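Student: I would like to learn how to read the strands, helices and cores of a model such as this one. Could we take the features one at a time, with the general idea before the particular case?

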Amino acid sequence: MTRANGPARPVLPSLLGLGPRAERRRRTLPAGVLKLPTIGVDIGGTKVVAGVVDGDGNVVDRLRTETPDKSKSPKVVEDVIVDLVLQLADKHDVHAVGVGAAGWVDAERSTVLFAPHLNWRGEPLQQALSSRLRFPVVVENDANAAAWAEWRFGAGRGEDHMVMITLGTGIGGAQVRDGHVDRGKHGLAGEFGHMQVVPGGHRCPCGNRGCWEQYSSGNALVREARGLAAEESPVVQPLLARAGGTPLGITGPLVTEAARDGDAVAVELLYEVGRWLGVGIANLAAALDPGRFVVGGGVSEAGDLLLAPARDAFRRTLTGRGFRPEAEIAHAALGNEAGLVGAADLARQVARRFRTVKRRRVERTTGG
């Protein structure tokens, strides 16, 4: 491709997500700035994990504590975050903080609009934390943070359009396109788990029926296994014995462990979750056409017991199959650390801009 004034220049992916101008600005920063250590915080329904992450995505120090009860005020969770950050900052020369929250975060990455596992409704978290910490703070949806980490350091490296699927109790997701997280107009993109795949199907906590996560998630896996056990099906007795003889003892990790040991029912249950995973991914491929899907989250630890049937269902369900390129389906590489690493690396982009502004101010003051 050529232009009137010569060959077109390739547009390099911008780590800041701000286009070619930001990319040129990034390349002018001192090499040391690109490796600034930052803190990532991953907030879940049961735990808060904070860690210092270097410029290569390595977690060099980590702290973990229980998440305060969701009935308590947002300030209680904020206190926990501040305490962990200050403990780490006492030992490391950190330059920014990224917070990954399981919930809806606005497009400005400052307010948690809704967090189902925490008592946050329109919570101005970025402002609240910035007022108590001496660092720049970025707030990000946890699935966006995990996708960014996989694109930068994990299974998404080298792919300019990647979609991540996170399988936990439900389904989360995000996409990285041309070097930036695609958050949508209002910051709420990536709620893939609430695509309707079965009209009139299982009721979802979101209020609708037939959502994808009701068929392909940790909750779906456990619901089906416990349902068989409650019906006293003889085929589920070995699985029930592992659970101490009670259906409530059946968990997702227990089913995965049994499947790895060759339990036929456990293998079948994971196969069904994987099949629905492939159907949903085919729908996403029809809408988004990425080059690679990366599957992470706790349920993905089942590996090929889940991903093999997903790939098969994807190939059989994909619209235009046989006449179009097929996206790769890869297993996430960073495991439980993806959200923490991604939040810290996204905060590093803010630290770079902060350092650049400070450097320019010094240069103007000194006449440089």
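Tutor: Let us begin with pairing: two strands count as paired if DSSP finds at least two bridges between them. Please keep in mind that this is a predicted model. With that in hand, strand E3 (residues 38–43) and strand E6 (residues 97–101) run parallel and are joined by five bridges; along this pair glycine 40 stands opposite glycine 98 in E6, and aspartate 42 stands opposite glycine 100 in E6.

Student: In which order do the strands of the sheet that holds E3 and E6 lie?

Tutor: The order is E5-E4-E3-E6-E10, in an open sheet of five strands whose pairing is mixed. Strand E5 (59–66) and strand E10 (137–141) are the edge strands, each pairing on one side only, and from one strand to the next the twist averages 15°. E10 meets E6 through five bridges in the parallel sense, with valine 137 in E10 as the bridge partner of valine 97.

Student: Why can E6 be called largely enclosed by the rest of the structure?

Tutor: A residue is taken as buried when its relative accessible area is under 20%. Five of the five residues of E6 are buried, so the strand is largely enclosed by the rest of the structure. Its two faces are both covered, with Val97, Val99 and Ala101 buried on one side and Gly98 and Gly100 buried on the other.

Student: What is the strand order in the open sheet that contains E11 and E14?

Tutor: That sheet has five strands in the order E13-E12-E11-E14-E15, again with mixed pairing. Its edges are strand E13 (180–181) and strand E15 (328–331), each of which pairs on one side only. Strand E11 (residues 161–167) runs parallel to strand E14 (residues 292–296), to which five bridges join it, and valine 163 stands opposite phenylalanine 293 in E14. E14 also pairs with E15 in the parallel sense, over four bridges, where arginine 292 has glutamate 328 in E15 as its bridge partner. Taken with H9, the strands E14 and E15 make a right-handed β-α-β unit.

Student: Which strands do helices H4 and H8 lie against?

Tutor: Helix H4 (residues 142–153) packs on the sheet just described, touching E11, strand E12 (171–177), E13 and E14, and its direction makes about 50° with that of E12. H4 also lies across E3, E6 and E10, running at about 100° to E10. Helix H8 (residues 264–288), for its part, lies across E11, E12, E14 and E15 and runs at about 150° to E11.

Student: What should I look for in a nonpolar core, and which residues have the most contacts inside the largest one?

Tutor: In soluble globular proteins, nonpolar side chains tend to be buried together. Here the largest nonpolar core has 43 residues, and those with the most contacts inside it are Ile165, Trp212, Leu277, Ile281, Phe293 and Phe314. Several elements supply at least two residues each, including helix H5 (218–230), helix H7 (252–260) and helix H9 (304–317), while H8 gives the most, with twelve residues. Leaving aside neighbours within four places in sequence, tryptophan 212 has contacts that include Ile165, Phe192, Met195, Trp276, Leu277 and Ile281. Apart from this core lies another, of 30 residues, among them Ala50, Val52, Val82 and Leu125.

Definitions and conventions. Residues numbered from 1 in each chain as written. Predicted model: local features only at pLDDT ≥ 70, side-chain atom pairs only at ≥ 80, totals over all residues. Heavy atoms only, no water. Contact = heavy atoms within 4.5 Å. Axes fitted to C-alpha atoms, helices over the stretch in contact; angles between N-to-C directions. Core = buried A, V, L, I, M, F, W, Y, C linked by side-chain atoms within 4.5 Å. Buried < 20%, exposed > 50% of the residue type's maximum accessible area, 1.4 Å probe, protein only. Right-handed = clockwise from strand over helix to strand, strands pointing away.
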